[in-house]
2 protein chains.
Amino acid sequence: MRADAKKNYAHLLATAGEVIKEHGVEASLRDIARKADVGLATLYRHFPTREALLEALLRKTLDELTREAAKLEQTEPPQQALLLWINDAVRFVRSYNGAVAVMSAALDDVNSALHASCSNLRSAGARLLENAQTAGVARPDISGLDLFAIIGALGWIGDQPSFGSRAEHLFGIIAGSLLTVGSDDSIKLQPRRPNAPQNSN
Amino acid sequence: MRADAKKNYAHLLATAGEVIKEHGVEASLRDIARKADVGLATLYRHFPTREALLEALLRKTLDELTREAAKLEQTEPPQQALLLWINDAVRFVRSYNGAVAVMSAALDDVNSALHASCSNLRSAGARLLENAQTAGVARPDISGLDLFAIIGALGWIGDQPSFGSRAEHLFGIIAGSLLTVGSDDSIKLQPRRPNAPQNSN
DNA sequence: ACCTGAACACCGTTCAAGT
DNA sequence: ACCTGAACACCGTTCAAGT
């Protein structure tokens, strides 16, 4: 990669992060190119589709979240590991408005640039869920896809301005519904825990 | 209203119903005008904003759903009334892709054409919820807004193609989480019940 | 009173022409 | 190898001009 290309790529990505953080994943690509002082066609050269751009933006954090599941599996008891991970996943999913819809679409579309990362994420969550189920602390009738959907739904709630104030409360209720009855004592959406994956773009 | 205006209005609304059913609430207004064989400015004359068009499209059913809550309150025991109503609300919310986001935004925006209908809907649900709480069959820490958010989240799940297959199952889990522990025995998303409000546009 | 084509300012996507 | 302006086909919104 030529030096100027490298520079454009990095600057484009940084600008995209800002614009998308402000206007959501459907932000104008023209706007991003403009703010990055780069021809619109240059953006397309580096990121042929919007998904490719999002992939470049999200992959790092997405993969961190996947690895974090493995770590929690070893350091925390099954229920705690599951809840802490859901907490971080929801927190991540909220970092870009509308990201959650793109991610759930990517799950279904093998050709999406985001497919692999999202699919891995689902597997990582599924593993924590299975551990919790084996330990008898999570409902046995829930699949990894269900877990992903619930994380998505919680992210969606957080995206709606009218529900924002209730998001934490609803997190507790809905995340609690995954657990076996009796094992839920006041689940709260936690402040960002140290070492939890976060977007730094 | 002149005869030709009346005819255009009705035809526009019918066409909008079809197009929006196919392409979701963000469907192209130009497309709707085109398919209705009417100038684009005519659509704007009858429906000055997209919200106004949606309001015309949804209000009838929305109000029916509100009235249905009152009926269920009198004919069913509190828990049954609540669950049946949530069932119908989720079913309605899924009738147009993306409607749920518009409705939740309308809740917050007093100037939205949909504000009144959505606000009434929330109150109607809140009443069923309160009855269930008083009877001790629903969690006491849930508000009418929470209920609305949960209905929205379930609608959102149904809107995502990747989760469509799990929507019914997740309905049972999440709706169940509103109930007090012990009172949930296998809640299922029901087929459309006779007399439940539905879109006929 | 109502309808409409056209204009304006946007958008995503593609491509020939430049260095 | 890489960048870019311009073109194309869309979109929402507004308005002067028609009947």
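I take helices as DSSP runs of H or I with at least four residues, and strands as E runs of at least two, numbered from the N terminus. A helix's expected span is 1.5 Å times one less than its number of residues.

This is a predicted model: local features need pLDDT of at least 70, side-chain atom pairs count only at pLDDT 80 or more, and totals for chains, interfaces and linings use all residues. Residues are numbered from 1 along each chain as its sequence is written, chains are lettered from A and ligands numbered from 1 in the order written, and side-chain values use heavy atoms, with hydrogens and water left out.

**Helix 5, chain A**

I checked helix 5 (residues 78-93) of chain A. Its 16 residues reach 22 Å from first C-alpha to last, close to the 22 Å expected at 1.5 Å a residue. I then looked at burial (buried is under 20% relative accessible area, exposed over 50%, partly exposed in between, with a 1.4 Å probe and protein chains only). Helix 5 of chain A is mostly covered, with 13 of its 16 residues buried.

**DNA strand D**

I looked up which residues are near the strand (a heavy atom within 4 Å). DNA strand D is surrounded by 21 residues, and the closest are A:Arg2, A:Asn8, A:Thr42, B:Arg30 and B:Tyr44. Of the strand D atoms within 4 Å of the protein, 57% belong to sugar or phosphate and the rest to bases.

Next I went through polar contacts (N or O pairs within 3.5 Å). The backbone of A:Gly39 places a polar atom 2.9 Å from a phosphate oxygen of strand D. The side chain of A:Thr42 has a polar atom 2.9 Å from a phosphate oxygen of strand D. For B:Ser28, a side-chain N or O atom is 3.2 Å from a phosphate oxygen of this strand. Helix 3 of chain A gives the largest share of the surface near strand D, 4 residues.

**DNA strand C**

I repeated the search here. Around DNA strand C there are 21 residues, the closest being A:Arg30, A:Tyr44, B:Arg2, B:Asn8 and B:Thr42. Sugar and phosphate make up 57% of the strand C atoms that come within 4 Å of the protein. I found a base contact: a polar side-chain atom of A:Arg30 lies 2.3 Å from a base nitrogen of strand C. B:Gly39 has a polar backbone atom 2.9 Å from a phosphate oxygen of strand C. A backbone N or O atom of A:Leu29 is 3.0 Å from a phosphate oxygen of strand C. Helix 3 of chain B supplies the largest share of the surface near strand C, 4 residues.

Methods: A polar contact is a pair of N or O atoms within 3.5 Å; within protein, one must be able to donate a hydrogen and the other to accept it, and residues adjacent in sequence count only if both atoms are side-chain atoms.
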